[in-house]
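Open the model in your viewer and keep the selection tool at hand. This tour goes stop by stop, telling you what to select and what is there.

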Amino acid sequence: MTDTLYTIGQMCDEFEVTPRTLRFYEAKELLSPIREGQKRLFTKRDRARLKLILRGKRFGFSLEEIRQLLNLYHIGDQQVTQLARTHEVAQKHLGAMIAKRDELTLAISDLQDQLKWVEDVLANRQSKAAAE
């Protein structure tokens, strides 16, 4: 029984990435497609890894963090080490994301206050100008 193989085009379409992105991940040793000359064929393992890579990127993980976490898969402890390390890294990124959100919330509130002040000043000056 052979595994299903996917072309670079199929992978790009499914995951909405460019061929350049897939080649880059291959160069960074995150993906290991089968090479047939210039042709790359991706396995189900590559698909699963790409899904994890893209999720990790969305969460702010560096490619090096993702590579290290993926490499823990075959350690032989039923992924306990991989899951524990992933949890640790994810907690760190969650804290950073929450801090960024809080900073943005504060900045948005401040900008809204400033806009309201400008609107009030403009309305006051426009009504004075109309009265003259």
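Select domain 1 and domain 2: their C-alpha centres lie 35 Å apart. The domain assignment places domain 1 at 1–61 and domain 2 at 78–132. Keep in mind that this is a predicted model.

Now show the whole chain. The C-alpha trace spans about 85 × 35 × 25 Å along its principal axes. The radius of gyration is 25 Å, whereas a compact globule of 132 residues would have one near 14 Å. Of the 132 residues, 23% count as buried. Look at the contacts between residues at least 6 apart in sequence: 50% of them join residues at least 24 apart.

Colour by secondary structure next. You should find 5 helices and 3 strands. Starting at the N terminus, the order is β-α-α-β-β-α-α-α.

**The largest pocket**

Select Leu52, Gly56, Phe61, Leu69 and Thr86. Of the 15 residues that line the largest pocket, these lie nearest its centre. Three elements each give two or more residues to this lining: α3 (44–58), α4 (63–71) and α5 (80–131). Which of them gives the most? It is α5, with 7 residues.

The space in this pocket comes to about 320 Å³. Colour the lining by class and you get 10 nonpolar, 4 polar and 1 charged residues. Where does the pocket lie relative to the two domains? Domain 1 and domain 2 both give residues to the lining, so the pocket lies between them.

**Thr43, before α3**

Move to Thr43. This residue sits in the loop between β3 (39–42) and α3. Is Thr43 buried or exposed? Its relative accessibility is 16%, so Thr43 counts as buried, the cut-off being under 20%. Show what surrounds it. Beyond its neighbours within four places in sequence, Thr43 is in contact with Thr4, Leu5, Tyr6 and Ile34.

**Glu29, between α2 and β2**

Go back along the chain to Glu29. You will find Glu29 in the loop between α2 (19–27) and β2 (34–36). Check its backbone: phi is positive, about 65°, although Glu29 is not a glycine. Most residues other than glycine have a negative phi. Turn on the surface here. Glu29 has a relative accessible area of 59%, so it is exposed, the cut-off being over 50%.

**The loop between α4 and α5**

Select Gln79 next. Gln79 belongs to the loop between α4 and α5. Here too a residue that is not a glycine has a positive phi, about 65° for Gln79. Its relative accessibility is 25%, and Gln79 therefore counts as partly exposed.

Finish at Tyr73, which is placed in the loop between α4 and α5. Which residues does Tyr73 touch, leaving aside its neighbours within four places in sequence? Tyr73 is in contact with Gln79 and Gln82. With a relative accessible area of 42%, Tyr73 is partly exposed.

For a last distance, pick the C-alpha atoms of Tyr73 and Arg85. The two residues are 12 apart in sequence, and their C-alpha atoms are 11 Å apart in space.

Technical notes: Residues are numbered from 1 along each chain as its sequence is written. This is a predicted model: local features need pLDDT of at least 70, side-chain atom pairs count only at pLDDT 80 or more; totals for chains, interfaces and linings use all residues. Side-chain values use heavy atoms; hydrogens and water are left out. On a 1 Å grid over the protein atoms alone, a cavity is a set of points where a 1.4 Å probe fits but cannot get out, and a pocket is an open set with protein on both sides within 12 Å along at least five of seven lines; lining residues have an atom within 4 Å of a point. Grid points are joined across faces, edges and corners, and a volume is the space filled by probe spheres set on the points. Helices (H or I, at least four residues) and strands (E, at least two) are DSSP runs, numbered from the N terminus. Ala, Val, Leu, Ile, Met, Phe, Trp, Tyr, Cys and Pro count as nonpolar, Asp, Glu, Lys and Arg as charged, and the others, Gly among them, as polar. Domain bounds come from an automatic or database domain assignment. The radius of gyration is taken over C-alpha atoms; the globule rule is 2.2 Å times the number of residues to the power 0.38. Buried means under 20% relative accessible area, exposed over 50%, partly exposed in between (1.4 Å probe, protein chains only). Contact means heavy atoms within 4.5 Å.
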